[in-house]
Amino acid sequence: MTCLRGLSVAIFVLQAFLASVALVSAQGSTNGSRWQTLNGRPPLVIAHGGFSGVFADSTGICFPDLKLDNNSDVASVYNDRQGTYLVNGVSTKGWFSIDFTFRELGNVILNQGVYSRTNKFDGNNYAIMTVQSTYTQLNPPGFWLNIQHDAFYAQHNLSMRSFVLSVTRNANVTINYISSPEVAFLQSIAPNFRRTATNLVFRFLGMNDIEPSTNQTYGSLLRNITFIRTFASGIIVPKSYIWPVDGQLYLLPYTSLVLDAHRVGLQVFASEFYNDVPFSFNYSYDPVAEYLQFVNNGQFSVDGVISDFPTTPSAAIDCFAHLGRNASKQVDLLVISSNGASGDFPGCTNLAYLKAIQDGVDVLDCPVQMTMDGMPICMSSINLIDSTKVAQSSFSDRTTTIPEIMQGSGIFTFNLSWSDIQSLTPVISSPQSQFKLFRNPKFRNAGKFLTLSEFLNMASNASSLQGVLIGIENAPFLAEQGFGVTDAVLDALSKTGYSNQTARRVMIQSSNSSVLMRFKSQTNYELVYKVDEDIGGAQSSTIEDIRRFATAVVISKDSVFPENAAFITNATNVVPRLQAANLSVYVQTFSNEFTSQAWDFFSDATVEINSFFWGAPGSLYQLITEPYLPPAEAPNHYLTDADVVEPPLPPVAAKAPTTSPNGTAAAPTTPNGTAAAPRSPNGQPKVAASVIVPLLTVLLAISVLF
C-alpha cells in the first residue's frame, strides 16, 4: 500500500489566459485529529501549472500568465502581433491573450518557460485548452480557478466576473476554489457564492506591491485580516510571509500569520514552493524538510501548499509528517554517511560526524589518510586543498605533483604532520558550486578534524550506530613511501576495542583488491570493494574474483541507471548480477542538491532514493520527441578481471623517497632501479596517469519513503 496520493489526486493550480484552473486533492488517510489546519484535516497539495517543475507550465491546461510569450512559441508563430499595454499602471510589452482568438491560439504550442528546467519536452506539441475542456478531459477530484488581472481585462471590455459565473453555472464543471489578488473582483462575486460549496481565496502578492482596487500595499492589507474575511474564506500568501529568511537565506522566527488567520476563520495556502530554486539553508536542500516546516512544526499547519512539484509535498504530508524520531524502518537498507554529514558541515570534522549521528545514520564513515608523522586521520581527500584552507596557509609552499595519485599539483596529508593539519581551517564541500549552490555558508569553516582513533571512540559512544566504515585508498603508493596505512588502521581498531567485539559492524572499503586481501587474511571485518568507475556490466569471472576478497560492492549511480543529458536511459543488470553472487550492493553518491539528480527524480532526493530501492528507473526519456533527443552516448565500461585482480600490497618501505628540486615527488622505482609505471587507484599499471581523486563512499540506501 502506498502513502503517496499520486498525480491523479494531486491538486493542480492551472493558470489560464483568461483564468487559472486548479484541481483540489483528495484528503490523505492520515488521522485528521493530528493536523493543526483550520478544519483539522490534512493540508491540500496544489500543483502550480500542473507538474510544471518538469513539463511546460499548464501543459494542456490553460495558460500561466497574462502574456503568452514566456511559455509558448507565440512569438515565432505571430511575430508581428506584439503589443504594449498598461498593466496595473506599468507599461508592458509582449504577446497578450486579448489580441488573439482561441482559434488563432490553436496554432500556438506551449513550451517550458523556466530556462533552468529542461526543454526536451517542447516537441510534444502541447496545446492551450479552455477551462471547460480541461475539466472534462481530466475529471479532477477538485477544481480551482485563479483569476488574474480582472482590472486589466475590464479596461478591454472583458468581464472576468461574467466568465466565472458562466463557468460555475455549467452543470458539467464543479469549481471548488476561486482565487484572485484583486479585492474588488472577489467582492463582486462573493454574493453569488455565499451559499455554495465554492471557496473564495484572496491572493497576496509581494508585501510592497499595490492592490489595484484599494490602492493599498498587500503588506498593509495583511494587517487588516478581518476585512479579508468579509469576502473570502481563505488566503494565499508567499511562503516568506510565514517563515521569513534573513539576507543569508537562514530562517527567521515564524510570523503569527497562520494563527491569526485561523483565529478569524481563514484558511491559509502557502505558495512559491519549488524543488529547483535554492531555499533556506536550514533545509539542507531537502524540499521535504521545507514542506514539513509548514505543515508539521508543532505550532500550526498551513491548509495547503502550492508547488511546481506536487509529488514532494504529497510525500511530505502523507509519508513523513508525524513520524517522530523513533519511527521504525520499513525496509532493511543501510544509510552510510559520506564524510559525515558533509552537506551541513566540513566533511570529516567532529561537527559533521555528530550531525550524521543526530540525523540517524546507520554507519559512520572515515576515509583514512596518513600524516607525515604516521598518524591515521579522517580526511575526505588525500589532497588537503580539497577540504582545507592549506593553500592560503603558511604551508602553501608544500605543493607537489604526484601523477600516481592525481593530475595536477596538491598539498598532500603525508607532507604535513598531524599538528600541522590540526592548525588548518576546514572548508565545506560544495560539489554543485558551478550552479551557484553552496552548502551552509555560516558553518563553511566550522569543526575540527579527528584522528582515526578519535573517530572510533566517538562512534563507540553513539548507541544509535550500527557500525563504522573505514575507507582506504592509495595504499600501494603509500607503502612505497614508507606509510603502512593498513597496519595503522588495524592498530587503531585494536586499541579502541573494535577487534574483539561483535556488537558493531566494522566495514573496510577500498578500490584496491590488495588492501581487502590483506584484511581478509588477518580479520573478520566486512570487506567492501569500491568500483571506481561507471560500469555497464561485469564478467562472471570478475564477479567471482570479487567474491574472493569482498562481501559487498560499492558502485556509482550511473552504473545502475545510466544517464544521458540528465535523463535515465535504461537500467543495467549490474545490481541483480552482483546480488545473485551473494554480494551486497551499495550505491554512491546521493546528494540533496537538485542539480545532482536526473530529471526523472523531479528535483527531489527522496524520489531518487526511492527509485533506486525499487529498481524502477524514470521513464521521462521515452517522452522526448526525436528532434529533441540528446546525442547517443557510448556504453559504460564492462568490468573485467584485469580491472579487479592486482598484485599483493608491496612491503612498507623503510624510507620515503626524497622530493626532487622541481617540487615533484620522485617516482617509485622497481627492484632493478628503473622507474615504475604509474598505477591506477586499484594498483594496476597504466600507460597514462590516473585522474581519479578518491571521493569516499557515499552510500545512501534508506527506507522506502513512499
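Buried residues account for 55% of the 706 residues in this protein, which is a predicted model. On the secondary-structure side, the tally comes to 21 helices and 26 strands. Sequence-distant pairs show up a lot: of the contacts between residues at least 6 apart in sequence, 71% join residues at least 24 apart.

Take the open sheet of 7 strands to begin with. Its order runs S15-S14-S18-S19-S20-S22-S25, and the pairing is mixed. Strand S15 (376-378) and strand S25 (584-588) sit at the edges with a single partner strand each, so one side of each has no neighbour in the sheet. Direction ignored, neighbouring strands here are turned by 30 degrees against each other on average. Inside the sheet, strand S18 (residues 467-472) and strand S19 (residues 505-510) run parallel and share 5 bridges, with Ile470 standing opposite Ile508 in S19. Helix H14 (residues 452-460) packs on this sheet, where it touches strand S14 (363-370), S15 and S18. The direction of H14 makes about 170 degrees with that of S14.

The loop between S14 and S15 holds Gly374. With a relative accessible area of 36%, Gly374 counts as partly exposed. There is a long-range pairing to note here too: Gly374 and Gly484 are 110 residues apart in sequence, yet their C-alpha atoms are 8.2 Å apart in space.

Then there is the packing of the nonpolar side chains. In soluble globular proteins, such side chains tend to be buried together. The largest nonpolar core has 86 residues, and Val489, Ile508 and Ile555 touch the most other members. Helix H16 (residues 485-495) gives the most to this core, supplying 6 residues. Both domain 1 (44-66 + 131-320) and domain 2 (350-643) put at least three residues into the core. What does Val489 touch, once its neighbours within four places in sequence are set aside? The list is Val368, Leu452, Ile470, Ile472, Ile508 and Phe519. Two of these names come up in the sheet as well, as Ile470 and Ile508 are the residues that stand opposite each other across S18 and S19. Apart from the largest core lies another, of 67 residues, including Phe204, Leu222, Tyr283 and Ile317.

Helix H3 (residues 131-138) makes a neat case of sidedness. Val131, Thr134 and Tyr135 are buried in this helix. Looking down the axis of H3, the buried residues fall within an arc of 95 degrees, so they line one face of the helix. Thr136 and Gln137, on the other side of H3, are exposed. Just after H3 comes Asn139, which takes a positive phi of about 45 degrees.

Further along the chain there is a run of parallel pairings around strand S7 (residues 177-180). Strand S6 (residues 144-146) pairs with S7 in the parallel sense over 3 bridges, and Leu145 stands opposite Ile178 in S7. S7 also pairs with strand S8 (residues 199-203), again in the parallel sense, over 4 bridges. The bridge partner of Ile178 in S8 is Leu200. Are the side chains of S7 buried or exposed on its two sides? Tyr177 and Ser179 point one way while Ile178 and Ser180 point the other, and all of them are buried.

Notes: Residues numbered from 1 in each chain as written. Predicted model: local features only at pLDDT ≥ 70, side-chain atom pairs only at ≥ 80, totals over all residues. Heavy atoms only, no water. Pairing = 2+ DSSP bridges. Axes fitted to C-alpha atoms, helices over the stretch in contact; angles between N-to-C directions. Contact = heavy atoms within 4.5 Å. Buried < 20%, exposed > 50% of the residue type's maximum accessible area, 1.4 Å probe, protein only. Core = buried A, V, L, I, M, F, W, Y, C linked by side-chain atoms within 4.5 Å. Domains from an automatic or database assignment. Arc of directions from axis to C-beta.
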